[in-house]
Amino acid sequence: ITGTLGVGNGGSGTATAFTAGSILFAGASGVYSQDNANLFWDDSNNRLGVGTTSPQTALHINSTSGASKTLLTLESDIDTPNEYDELKFAIVGGLQFSSIRSLIHASDTGALAFMVTADNGLSLIEVMRSTGAGNVGIGTASPGAMLDVRGTVIFNEAGGDFDVRFEGDADANLFFLDASTDRIGVGTASPGSKLEVNGLLT
């Protein structure tokens, strides 16, 4: 046989020599094609590159456009309340894992729940939720404010020089914790004693 062997006869339909890393697909008229710049398999490292011929991870997606774009879409047919789609992170065997769930709920469509397990996968514990209303809950699945924490909170346990400031409607330093001096100011960002109140107490 001379010339190009057609696809219908078991050939590629083209005289093009495919290069290392090529992932073949059916192009025009069913002829086998390659596009390494947009779809590439690194056989030495077992990595798949989309938009790159030098994938750095098991799946590496690279956008060659300077404009904002969605790089990855995960979609399913789930549309029933209390069901979810899940992105799971696990070690070999899957006994220890964590996950991120996209929740479909009648009153909270579009929420994200962050789950962990500490009992070899026997149960999952929700540790944080971001609702469709923009609220974030830690220790609760029903946050009632932009940040709702249910449980003990520790700030700066390592003892670093990190200040804490609460701003009121008209007072920029309604509450100020000066970590460098271990002092607390109410109405002042420069407390001169362990507790300094700038203003009248009524």
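In this predicted model, tyrosine 32 is a convenient place to start, since the residue lies in strand S2, which covers residues 32-33. The relative accessibility of tyrosine 32 is 35%, and because partly exposed is the class between under 20% (buried) and over 50% (exposed), tyrosine 32 counts as partly exposed. Looking back along the chain, one finds threonine 16 at a separation of 16 residues from tyrosine 32, and the C-alpha atoms of these two residues are 9.1 Å apart.

Further along the chain comes a small group of paired strands. Three strands form an open sheet in the order S3-S4-S5, and their pairing is mixed. The edges of this sheet are strand S3 (40-42) and strand S5 (59-61), each of which pairs on one side only. On average, neighbouring strands of the sheet are turned by 20 degrees against each other when direction is ignored. Strand S4, residues 47-50, runs parallel to S5 and is joined to S5 by three bridges; within this pairing, glycine 49 has histidine 60 in S5 as its bridge partner.

The surface offers another feature to follow, a nonpolar patch made up of Val116, Ile125, Val127, Met128, Ile138, Leu147, Val149, Val153 and Phe155, which together have about 760 Å² of accessible area. Two or more residues of the patch come from each of strand S9 (125-130) and strand S11 (147-149), and S9 gives the most, with three residues. Methionine 128, one of the patch residues, is found in strand S9, and with a relative accessibility of 30% methionine 128 counts as partly exposed.

Technical notes
Residues numbered from 1 in each chain as written. Predicted model: local features only at pLDDT ≥ 70, side-chain atom pairs only at ≥ 80, totals over all residues. Heavy atoms only, no water. Helix = DSSP H or I, 4+ residues; strand = E, 2+ residues; numbered from the N terminus. Buried < 20%, exposed > 50% of the residue type's maximum accessible area, 1.4 Å probe, protein only. Patch = residues over 30% accessible without salt bridge, like charges linked within 9 Å, V, L, I, M, F, W, Y side chains within 5 Å. Areas by Shrake-Rupley, 256 points an atom, 1.4 Å probe, with all protein chains shown as cover. Salt bridge = Lys/Arg side-chain N within 4 Å of Asp/Glu carboxyl O. Pairing = 2+ DSSP bridges. Axes fitted to C-alpha atoms, helices over the stretch in contact; angles between N-to-C directions.
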